[in-house]
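Open your viewer and get your selection tool ready. This is a walk through a few helix contacts and two spaces, one stop at a time.

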Amino acid sequence: MGEYFTALGDFDTLDDRYNFVTEKTYDGTVYGIPNGGTAGGVAYNKKVWKEAGITELPTTPDEFLKDLQLIKDKTDAVPLYTNFSAGWTMGAWNDYVGIASNADPDYKNNKLLHQKDPFTKNEEMSGPYAVFYTLYSAVKDKLVEEDPASSDWESSKGMINKGEIATMVLGSWCVQQFKEAGDNPDDIGYFPFPITVKGERAAASGGNYAYAINNKAAEDNQIASMLYVKWLLEESPIFDDEGSIPALKGEPLPDSLAEFEGVELLSDNPPLKGEESLYDDIRNSAEVLSGDYPVCEVLEAALYGTRELDDLMDEWNQKWTEAQESNGAEITE
């Protein structure tokens with residue numbers, strides 16, 4: 001990074017002051033600081049959920065599915081809108097495989113890479129299986145839009161604002177867009193993905209795009225840029241305007257995360273030295289957790305009844321094992 005960007009400071013110093021600096025740190029030096037961050041959870045229309053008689057937000061996949069059924073039975077709203085046709089929106093489900101499903105910041109970049117058969121169901125209904133079980137079951141039980149292939153991302157923003165859609169699974173960045181898409185901003189809420197791990201709940205949080213400074217710029221411009229970045233991170237209203245997690249530690253969370261009380265916000269720990277690219281290498285080799293296609297495969301299997309979830313997850317386990325072996329990842333878990 002130092003070849004292109006100005007060093008902003010050492011990690012230990014800046015990590016005490018700002019959130020998410022791990023993401024743009026190399027060899028103990030920080031080269032970029034994210035302009036705030038987002039959390040992983042579920043966007044919902046509070047009015048619709050209330051009309052369905054739901055008084056407590058779900059904490060497990062089965063509770064979530066029961067709530068979606070209540071919405072289907074008691075309202076005219078689409079319980080869960082998948083936004084299947086947009087493609088990239090489906091890929092959002094991959095983001096819940098890490099911290100949300102395990103409450104462990106080491107899981108995604110470390111343990112998952114060395115775990116045997118990570119897509120196997122467990123009794124607690126946590127882990128990666130639980131994430132895709134939630135999607136598969138909602139589709140199989142017809143708790144999603146009638147024709148996912150004709151769904152439309154842009155129009156869905158106004159639909160959830162008006163109460164025509166009850167729920168969408170996307171990062172918290174979507175909340176402000178949904179609020180601004182109609183006349184009912186106060187009806188839009190956001191809650192943690194419904195998985196509980198040994199009585200604990202956690203949500204992943206990560207940085208947005210990072211501010212960095214071109215080290216080829218004139219020295220006085222670099223100094224001016226650094227002062228401007230400091231103002232943006234510490235004094236600008238951008239975090240309130242966008243409803244994002246502030247860059248500066250100790251600042252209150254945005255109102256959009258009001259439902260996250262008692263839920264630990266965690267960021268993925270970095271990979272071990274020498275394994276920096278291993279997560280991407282394994283998932284790309286396995287064609288699992290990579291982009292939107294594998295998640296779309298889950299939806300299609302449920303929609304058309306072509307495959308049971310357990311059969312699909314067994315296949316993913318096999319692909320994951322083969323990718324671990326081809327990339328030299330020792331299976332230790």
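What follows is a tour of a predicted model, with something to select at each stop.

**Stop one: α6 and α12**

Start by selecting residues 107–114, which form helix α6, together with residues 278–286, which form helix α12. Their axes come within 9 Å and cross at roughly 55°. That angle makes α6 oblique to α12. If you look down on the pair, you will find that α6 passes α12 in a left-handed crossing.

Now show the side chains. On the α6 side, pick Lys-108, Asn-109, Leu-112, Leu-113 and His-114; they meet Leu-278, Tyr-279 and Ile-282 of α12. Colour this contact by class and you get five nonpolar residues, two polar and one charged.

**Stop two: α12 and α14**

Keep α12 on screen and add α14, which spans residues 309–326. How near do the axes of α12 and α14 come, and at what angle do they cross? They come within 8 Å, and the crossing angle is roughly 130°. The two helices are therefore oblique to each other. The handedness of the crossing between α12 and α14 is right-handed.

For the side chains here, select Ile-282, Arg-283, Ser-285 and Ala-286 in α12, then Lys-319, Trp-320, Ala-323 and Gln-324 in α14, which they meet. This contact has four nonpolar, two polar and two charged residues. You may recognise Ile-282 from the previous stop: it meets residues of α14 here, and Ile-282 was also on the α12 side of the contact with α6.

**Stop three: α13 and α14**

Leave α14 visible and bring in α13, residues 293–304. The axes of α13 and α14 lie 10 Å apart, and the helices pack at an angle of about 155°. Are they parallel or antiparallel? With an angle over 145° counting as roughly antiparallel, α13 and α14 are therefore roughly antiparallel to each other. Their crossing is right-handed.

To see what touches what, select Pro-294, Glu-297 and Val-298 of α13 and, across from them in the contact, Leu-309, Leu-312, Met-313, Glu-315 and Trp-316 of α14. Sorted by class, the contact of α13 with α14 has six nonpolar residues, two charged and no polar ones.

**Stop four: the cavity**

Hide the helices for a moment and turn to enclosed space. How many cavities of 30 Å³ or more does the structure hold? There is one. The largest cavity has a volume of about 60 Å³.

To frame it, select Leu-80, Tyr-81, Thr-82, Asn-83, Thr-89 and Trp-93, then add Met-168, Val-169 and Leu-170; together these line the largest cavity. The lining has six nonpolar and three polar residues, with no charged ones.

**Stop five: the second largest pocket**

For the last stop, select Val-175, Lys-179, Pro-254, Asp-255 and Ser-256 and centre the view on them. Of the 17 residues that line the second largest pocket, these five lie nearest its centre. The elements that give two or more residues to this lining are α9 (174–179), β8 (188–192) and α11 (238–242), so switch on their ribbons as well.

The second largest pocket holds about 250 Å³ of space. Its lining divides into six nonpolar, five polar and six charged residues. Go back to the lining of the largest cavity if you would like to set that beside a lining with no charged residues.

How values were computed:
Residues numbered from 1 in each chain as written. Predicted model: local features only at pLDDT ≥ 70, side-chain atom pairs only at ≥ 80, totals over all residues. Heavy atoms only, no water. Axes fitted to C-alpha atoms, helices over the stretch in contact; angles between N-to-C directions. Helix = DSSP H or I, 4+ residues; strand = E, 2+ residues; numbered from the N terminus. Parallel < 35°, antiparallel > 145°, perpendicular 65-115°, else oblique. Left-handed = near helix turned anticlockwise from the far one by under 90°. Contact = heavy atoms within 4.5 Å. Nonpolar A, V, L, I, M, F, W, Y, C, P; charged D, E, K, R; others polar. 1 Å grid on protein atoms, 1.4 Å probe; cavity = no way out; pocket = protein on both sides within 12 Å on 5 of 7 lines; lining within 4 Å. Points joined across faces, edges and corners; volume = space filled by probe spheres on them.
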